[in-house]
Amino acid sequence: MLIQRVPLSVDPRGPSGKGFVPDFTNRYFTEDINCGLCSYKGLADIAQVKTPKIDEIIMYCQKFMVNEYVVNGKLVGRDVGETTAPQKFGIHTIDDLKKLYYPASFSVGQAHSLR
């Protein structure tokens with residue numbers, strides 16, 4: 001998996017008078033964290049899968065974004081509503097996900113028989 005191989009010190013950078021500093025207006029900060037990694041983190045939390053590298057990246061970036069997404073290893077920060085994570089939409093369990101993908105008029109057993 002790529003995310004495990006990319007060191008955290010590799011970030012989008014821009015020039016400054018003292019070498020290079022991260023460019024906090026770059027889309028890697030403004031879009032990819034809240035619309036990408038937070039979505040993966042949200043699904044992983046629902047499935048109870050640990051995501052130490054994702055957590056590390058989000059927690060590093062959120063300090064500079066002045067946002068809070070991950071707190072104590074969970075996607076429960078005050079700015080989760082700005083993400084595309086399932087939690088934003090009230091989806092917190094696997095059953096919530098099933099209800100989303102299998103409407104009430106369509107049971108889970110029926111859906112599996114269509115495959």
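K53 and E56 make a good starting pair: their side chains form a salt bridge, with the closest N and O atoms 4.0 Å apart. Keep in mind that we're looking at a predicted model here. Why can these two pair up along helix 4? They sit three residues apart in that helix, so about one helical turn separates them. Both ends of the bridge get some contact with the outside: K53 is partly exposed, with a relative accessible area of 41%, and E56 is partly exposed too, at 39%.

**The other salt bridges**

Side chains of opposite charge can pair when their charged atoms come close. How many salt bridges does the structure hold? There are six. Here are three of them, including the pair you've just met.

| Salt bridge | Closest N to O distance |
|---|---|
| R27 and D32 | 3.0 Å |
| D79 and R78 | 3.6 Å |
| K53 and E56 | 4.0 Å |

The surroundings of these charged residues are worth a look. R27 is partly exposed, at 43% relative accessibility, and its partner D32 is also partly exposed, at 29%. The bridge between D79 and R78 is a bit of a mixed couple: D79 counts as buried, at 11% relative accessibility, whereas R78 is exposed, with a relative accessible area of 56%.

Salt bridges can also link up. K41, D45 and D55 are joined into one network by bridges that share partners. Let's zoom in on one member, D45, which lies in helix 3. Is D45 buried or exposed? D45 is buried, with a relative accessible area of 14%. If you skip residues up to four places away in sequence, the neighbours that D45 touches are G73, K74, L75 and Q87.

**Helix 4 and its two sides**

Back to the helix we started with. Helix 4 has 14 residues and spans 20 Å from its first C-alpha to its last, close to the 20 Å you'd expect at 1.5 Å a residue. Which of its residues are buried? They are I54, D55, I57, I58, C61, Q62 and M65. These buried residues cover an arc of only 165° around the axis, so they end up on the same side of helix 4. Now turn the helix around in your viewer: the face pointing away from the buried side carries the exposed residues P52 and K63.

**The nonpolar core**

In soluble globular proteins, nonpolar side chains tend to be buried together. In this model, the largest nonpolar core has 14 residues. Those with the most contacts inside this core are I33, I58, Y69 and L75. Helix 3 (32-46) and helix 4 (52-65) each supply at least two of the core residues. Which element gives the largest share? That's helix 4, with five residues.

You've already run into two of these names. I58 is among the buried residues of helix 4, and L75 is one of the residues that D45 touches.

**Cysteines that stay apart**

A disulfide is a covalent bond between the sulfur atoms of two cysteines. How many disulfides does a search of the whole structure find? It finds zero. The distances show why. For C38, the closest cysteine sulfur belongs to C35 and is 8.6 Å away, which is too far for a bond. For C61, the closest cysteine sulfur is the one in C38, at 9.8 Å, and that's too far for a bond as well. C38 is buried, at 0% relative accessibility. C61 is buried too, with a relative accessible area of 7%.

**Two unusual backbone angles**

Last stop: the loops. Right after helix 4 comes V66, whose phi is positive, near 60°, although V66 is not a glycine. V66 lies in the loop between helix 4 and strand 3 (70-71). Its side of the story is an open one: V66 is exposed, with a relative accessible area of 61%.

Where does N72 lie? Look in the loop between strand 3 and strand 4 (74-75). N72 also has a positive phi, near 50°, and is a residue other than glycine. Like V66, which is exposed, N72 is exposed, with a relative accessible area of 77%.

Methods: Residues are numbered from 1 along each chain as its sequence is written. This is a predicted model: local features need pLDDT of at least 70, side-chain atom pairs count only at pLDDT 80 or more; totals for chains, interfaces and linings use all residues. Side-chain values use heavy atoms; hydrogens and water are left out. A nonpolar core is a set of buried Ala, Val, Leu, Ile, Met, Phe, Trp, Tyr and Cys residues joined through side-chain atoms within 4.5 Å. Buried means under 20% relative accessible area, exposed over 50%, partly exposed in between (1.4 Å probe, protein chains only). Helices (H or I, at least four residues) and strands (E, at least two) are DSSP runs, numbered from the N terminus. Contact means heavy atoms within 4.5 Å. A disulfide is a pair of cysteine sulfur atoms within 2.5 Å. The expected span of a helix is 1.5 Å times one less than its number of residues. The arc is that of the directions from the helix axis to the C-beta atoms.
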